[in-house]
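Here's a quick tour of one protein chain, written for someone who likes cut-offs spelled out. Have a look at the model first, then read on.

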Amino acid sequence: QVQLVESGGGLVQPGGSLRLSCAASGSIFSIEVMGWYRQAPGSQRELVATVTSGNTNYADSVKGRFTISRDNAKNAVYLQMNSLKPEDTAVYYCNADVRHREYGPVFRYWGQGTQVTVSS
């Protein structure tokens, strides 16, 4: 019922920057939380950052380097990644906690993932 489409991944040198984008579409009344997670080979998926209407939250490993933002009119979330390190290499997934109707339950949806590789 809801599709999340990510873009902006790629290959970048250490110290470089990338901006990820994610747009949600479908049966959406409201989006409570949007976020970014990542999964490196052989590792579990981990939180990178989340954003609500008024608050942001970051993993300690990305604080001061990454910035999450959202555009409610577009049902979109962005992740500006600066000072990238090789250990940031992973598949990045966006998610959204969505209500399909007023006062309805919240459902979590995930994007398909976008690869970020930091290497010289």
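## Backbone oddities in two loops

Asn75 is partly exposed, with a relative accessible area of 24%. On the scale used here, buried means under 20% relative accessible area, exposed means over 50%, and partly exposed is whatever falls in between (1.4 Å probe, protein chains only). Before going further: this is a predicted model, so local features need pLDDT of at least 70 and side-chain atom pairs count only at pLDDT 80 or more, while totals for chains, interfaces and linings use all residues. Residues are numbered from 1 along each chain as its sequence is written, and side-chain values use heavy atoms, with hydrogens and water left out.

Back to Asn75, which sits in the loop between E7 and E8. Strands (E, at least two residues) and helices (H or I, at least four) are DSSP runs, numbered from the N terminus. The phi of Asn75 is near 50 degrees, a positive value in a residue other than glycine. Most residues other than glycine have a negative phi. Tyr103 also has a positive phi, near 65 degrees. Tyr103 lies in the loop between E9 and E10 and is exposed, at 74% relative accessible area.

## His100 and its loop

That loop between strand E9 (90-99) and strand E10 (106-110) also holds His100. What does the side chain of His100 reach at 2.5 Å? The backbone oxygen of Ser27. A second polar contact, of 2.7 Å, joins the side chains of His100 and Tyr109. Polar contacts are pairs of N or O atoms within 3.5 Å; within protein, one must be able to donate a hydrogen and the other to accept it, and residues adjacent in sequence count only if both atoms are side-chain atoms. Skipping residues up to four places away in sequence, His100 touches Gln1, Val2, Ser27, Phe29, Pro105, Phe107 and Tyr109, where contact means heavy atoms within 4.5 Å.

## The core and strand E9

The largest nonpolar core has 30 residues, and Trp36, Leu79, Met81 and Tyr92 have the most contacts inside it. Such a core is a set of buried Ala, Val, Leu, Ile, Met, Phe, Trp, Tyr and Cys residues joined through side-chain atoms within 4.5 Å. Elements giving two or more residues to this core include strand E1 (2-7), strand E3 (18-26), strand E4 (30-39) and strand E11 (114-118). Which element gives the largest share? That would be E9, with five residues.

Tyr92 keeps plenty of company: leaving aside neighbours within four places in sequence, its contacts include Trp36, Leu79 and Met81, along with Arg38, Val48 and Val116. Asn95 lies in strand E9 as well, and it is buried, with a relative accessible area of 2%. With the same kind of neighbours left aside, residues in contact with Asn95 include Leu4, Met34, Tyr37, Arg108 and Trp110.

## Charged pairs

Side chains of opposite charge can pair when their charged atoms come close. A salt bridge here is a side-chain nitrogen of Lys or Arg within 4 Å of a carboxyl oxygen of Asp or Glu, and by this rule the count comes to six. Among them are these:

| Pair | N to O distance |
|---|---|
| Glu46 and Arg38 | 2.7 Å |
| Arg65 and Asp88 | 2.8 Å |
| Asp97 and Arg108 | 2.7 Å |

Asp97 in strand E9 and Arg108 in strand E10 are 11 residues apart, and their pair links distant parts of the chain. Asp97 is buried, at 11% relative accessible area, whereas Arg108 is partly exposed at 43%. Salt bridges that share partners join Arg38, Glu46, Arg65 and Asp88 into one network. In that network, Glu46 is partly exposed at 38%, while Arg38 is buried at 7%. Arg65 also counts as buried, at 10% relative accessibility, and so does Asp88, at 1%.

## The disulfide

How many disulfides does a search of the whole structure find? It finds one, a disulfide being a pair of cysteine sulfur atoms within 2.5 Å. The bond joins Cys22 to Cys94, with an S to S distance of 1.9 Å. The link of Cys22 and Cys94 is right-handed, with 40 degrees about the S-S bond. Cys22 in strand E3 and Cys94 in strand E9 are 72 residues apart. Cys22 counts as buried at 2% relative accessibility, and Cys94 is buried at 0%.
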